[in-house]
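Reader: I should like a close look at a single part of this model, set in the context of the whole chain. Please proceed step by step and give the reasoning wherever a classification is made.

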Amino acid sequence: MRVTCSRCGQASEAMAQPPMPTALGTEIQQRVCPACWREWLRTQVMLINEYRLNLIDPDARKTLEGQMRAFLNLAPARGE
Ligand SMILES: [Zn+2]
């Protein structure tokens, strides 16, 4: 499967597996190139440290998901 990445606009081979076993993971696999996903993973670590996010906290997870959607140029989740 090939994707045209929503972040960098480049067409490339999609990730072999969704990065998460969720609907969001599938969406990312279909819309984001592997390089931009790796870049997000590095950015995520910095954000978690900078904002001291506790990922057990649902609010922190929601905050991080919002940051991820902005970073990857994905539309917000429906219903928000
Ligand atoms: Zn990309």
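Author: A residue is called exposed if 12 or fewer other C-beta atoms lie within 10 Å of its own, buried if 20 or more do, and partly exposed in between. By that criterion Arg 52, which has 8 C-beta neighbours inside 10 Å, counts as exposed. The model is a predicted one, and the part chosen here is helix 3 together with the residues that flank it.

Arg 52 lies in the loop between helix 2 (34–50) and helix 3. Its phi is positive, about 50°, although Arg 52 is not a glycine. As a general matter, most residues other than glycine have a negative phi.

Helix 3 itself covers residues 58–72. For its 15 residues, at 1.5 Å a residue, the span should be 21 Å, and the end C-alpha atoms are 21 Å apart, so the expected and modelled values agree.

At the other end, helix 3 is followed by Asn 73. This residue, too, is not a glycine and yet has a positive phi of about 65°. Asn 73 belongs to the segment after helix 3. It has 14 other C-beta atoms within 10 Å and is therefore partly exposed, whereas Arg 52, with 8, is exposed.

Leu 72 connects this part with other regions of the chain. Leaving aside neighbours within four places in sequence, Leu 72 is in contact with Ser 6, Arg 7, Ile 28, Val 32, Cys 36 and Trp 40. Three of these partners, Ile 28, Val 32 and Cys 36, join Leu 72 and Cys 33 in the largest nonpolar core, which has five residues. In soluble globular proteins, nonpolar side chains tend to be buried together.

The wider setting is as follows. The chain has three helices and two strands, and from the N terminus on its elements run β-β-α-α-α. Its radius of gyration is 13 Å, close to the 12 Å given by the globule rule for 80 residues, so the chain is as compact as a globular protein of that length. Along the principal axes, the C-alpha atoms fill a box of roughly 35 × 25 × 20 Å. Buried residues account for 6% of the 80 residues. Of the contacts between residues at least 6 apart in sequence, 44% join residues at least 24 apart. Among the contacts of Leu 72 are those with Ser 6 and Arg 7.

Definitions and conventions. Residues numbered from 1 in each chain as written. Predicted model: local features only at pLDDT ≥ 70, side-chain atom pairs only at ≥ 80, totals over all residues. Helix = DSSP H or I, 4+ residues; strand = E, 2+ residues; numbered from the N terminus. Rg over C-alpha atoms; globule rule 2.2 N^0.38 Å. Contact = placed C-beta atoms within 7 Å. Core = buried A, V, L, I, M, F, W, Y, C linked by C-beta atoms within 7 Å. Expected span 1.5 Å × (residues − 1).
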